[in-house]
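I set out these notebook entries as I consulted the structure. They begin with the chain as a whole and then turn to single residues.

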Amino acid sequence: MNLHSPSSISVTAWSRAVAMILVLALCMFTMAPQAGSQDAAPAPSSEGGSASGAGIGVLSGLSTILYLPFKTAFAIGGGLVGGLAYVFSGGNENAAKSIWTTSMYGTYVITPEHLRGDKPIRFLGVADSAETPPSSVVEPAR
């Protein structure tokens, strides 16, 4: 077997690309909560067509172009893993939904509000409070 055949080179390149995507996703996951935790007064609205409003609009577009492929790849991977979890757990929908919610929900497009810090950027999704079942807390007998 020739280790330097074209198919082995493409597999190596593919595995490096996947590893790079996973490392960048991990970096974004660990850095996003820190960026959103800074206490600052909200910036005044730049809706009036000023140069700073145009600049933040362009910056949000460029940020989306860089961010969206990673979020989309993560969501697709989560969809596949959630489907496998459903199959291998014997049809346990809660196991699959917990993976699907975390991977598929969240921020896909970076807006000026995100860049100003008015809205958090959520790489990992959070379930809606309406979908979460009430906790089954049993009160002690009196």
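**Entries on the chain**

I looked up the secondary structure first and recorded 4 helices and 0 strands for the chain. The model I consulted is a predicted one. Reading from the N terminus, I noted the order of elements as α-α-α-α.

I next asked what share of the 142 residues is buried. The entry reads 18%. For the surface, I wrote down an exposed area of about 10500 Å², with 68% of it supplied by carbon and sulfur atoms.

I then turned to contacts with a separation of 6 or more, and found that 63% of them join residues 24 or more positions apart.

**Entry on S103**

I located S103 in helix α3, which covers residues 93–104. Is S103 buried or exposed? I recorded a relative accessibility of 3% for S103, and because buried means under 20%, S103 counts as buried. I also listed its contacts, leaving aside residues up to four places away in sequence: S103 touches K71, F74, A75, G78, G79 and Y108.

**Entry on a surface patch**

Which residues make the nonpolar surface patch of about 460 Å²? I noted L84, Y86, V87 and F88.

I followed one of these residues further and placed V87 in helix α2, residues 51–88. The relative accessible area of V87 is 56%; since exposed means over 50%, I entered V87 as exposed. I closed the notebook with the two residues side by side: S103 is buried, whereas V87 is exposed.

Terms used. Residues numbered from 1 in each chain as written. Predicted model: local features only at pLDDT ≥ 70, side-chain atom pairs only at ≥ 80, totals over all residues. Heavy atoms only, no water. Helix = DSSP H or I, 4+ residues; strand = E, 2+ residues; numbered from the N terminus. Buried < 20%, exposed > 50% of the residue type's maximum accessible area, 1.4 Å probe, protein only. Contact = heavy atoms within 4.5 Å. Areas by Shrake-Rupley, 256 points an atom, 1.4 Å probe, with all protein chains shown as cover. Patch = residues over 30% accessible without salt bridge, like charges linked within 9 Å, V, L, I, M, F, W, Y side chains within 5 Å. Salt bridge = Lys/Arg side-chain N within 4 Å of Asp/Glu carboxyl O.
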